[in-house]
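Let's take a walk through this one together, starting with charges and then moving on to sheets. Keep the viewer open as you read.

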Amino acid sequence: LSTRRLDEWITWSPTSERIASTSGGDEEDELVSIDVASGEDVTLARAAQFFGWSFSPDGERVVFARAGRTADGYISDEIDLFVTAADGAGETRRITETGDSSDPVWGPTSIAFTRLSEIWQIQPDGSGRASVTRPLPKRSAGQRRGVLFPIDWSEDGSVLLAGLVDDWGGQPIAVDPETGATRELGRFGRPLGADTIGLSRDGRSALVQEGHRAHVPRQKMTVLIVPY
């Protein structure tokens, strides 16, 4: 499909017509969208660093989180969400301005994202921003530990799967989008680490990988289907 070096997760559009990933450059990373039928790629955005992206349900648009650089050349702490066309045509619109928004996941009725260690939601035009989950207790100190981030929506939008960063990776968390209630699906990866990967379309099960750390041999990695 492409001769570019793709550095991050490769994500499919819901229609399977495009894939997206990032490609690292000397000064900036590029968010790249590739047409599966033709192999043609377009650069959707450039940034010092991207903090997640997601296709709209119809595959026509992409929401992404980006950070620029400071005057001294360092990666900025200011991270915001932007929406653009998946084919690279049209303008890019900024939909948050608080500098603390990352990990967007576009669902059937809204975009979920991380803000202040919690999950929030927003409409693609920037309206309707509101918190979904309540503040979580501080579970551990350190960068991103205790952060709740969205991972996947069910096809009807009634179920939201999230991950909770802890010492063993990203633990699977069930989130009720209506009430904001959260519930652990289990604790995995001790001591080899875990990654919560995705949700089935019907929202009945989550995909979890145990053994995500670099030093873990493949023979000790396990893929789990966890009841939601």
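**Salt bridges, sheets and a charged patch**

The salt bridge count here comes to 10, where a salt bridge is a side-chain nitrogen of Lys or Arg within 4 Å of a carboxyl oxygen of Asp or Glu. Bear in mind that this is a predicted model, so local features need pLDDT of at least 70 and side-chain atom pairs count only at pLDDT 80 or more, while totals for chains, interfaces and linings use all residues. Residues are numbered from 1 along each chain as its sequence is written, and side-chain values use heavy atoms, with hydrogens and water left out.

Let's begin with arginine 46, which makes a salt bridge to glutamate 30, with 3.4 Å between the closest N and O atoms. Arginine 46 sits in strand 4 and glutamate 30 in strand 3, so this pair ties together parts that are 16 residues apart in sequence. Strands (E, at least two residues) are DSSP runs, numbered from the N terminus. How exposed is each partner? Arginine 46 is partly exposed at 45% relative accessible area, whereas glutamate 30 is buried at 19%. For these labels, buried means under 20% relative accessible area, exposed means over 50%, and partly exposed is in between (1.4 Å probe, protein chains only).

Now jump along the chain to arginine 115, which forms a salt bridge with aspartate 100, the closest N and O atoms being 3.0 Å apart. Arginine 115 belongs to strand 10 (residues 111-115) and aspartate 100 to the loop between strand 8 and strand 9, so the contact links parts 15 residues apart in sequence. Arginine 115 counts as buried at 14% relative accessibility, while aspartate 100 is partly exposed at 25%.

Further on, arginine 187 and glutamate 184 meet through their side chains in a salt bridge of 3.2 Å, N to O. Here arginine 187 is exposed, with 56% relative accessible area, and glutamate 184 is partly exposed at 36%. Back with the earlier pair, salt bridges that share partners join Arg4, Glu30, Asp41 and Arg46 into one network.

On to the sheets. One open sheet has four strands in the order 1-2-3-4, with antiparallel pairing; two strands pair if DSSP finds at least two bridges between them. Strand 1 (11-12) and strand 4 (41-47) are at the edges with a single partner strand each, so one side of each has no neighbour in the sheet. In the middle, strand 2 (residues 18-24) and strand 3 (residues 29-35) pair in the antiparallel sense over seven bridges. To find your place, look for threonine 22, which stands opposite leucine 31 in strand 3.

Another open sheet, also of four strands, runs in the order 9-10-11-12 and pairs antiparallel. Its edge strands are strand 9 (101-106) and strand 12 (130-131), each pairing on one side only. Strand 11 (residues 118-122) runs antiparallel to strand 12 and is joined to it by two bridges. Tryptophan 120 has serine 131 of strand 12 as its bridge partner.

Last stop: the surface. Which residues gather in a patch of negative charge there? They are Glu17, Asp58, Glu60 and Asp87. One of them, aspartate 87, lies in the loop between strand 7 (75-85) and strand 8 (93-94), and counts as partly exposed at 40% relative accessibility. Such patches are made of residues with over 30% relative accessible area and no salt bridge, with like charges joined within 9 Å.

Conventions
Patches are made of residues with over 30% relative accessible area and no salt bridge: like charges are joined within 9 Å, nonpolar side chains (Val, Leu, Ile, Met, Phe, Trp, Tyr) within 5 Å. Accessible areas come from the Shrake-Rupley method with a 1.4 Å probe; for residues, only the protein chains shown count as cover. Lys and Arg count as positive and Asp and Glu as negative; His and the chain ends are not counted. The place of a charge is taken as NZ of Lys, CZ of Arg, CG of Asp or CD of Glu.
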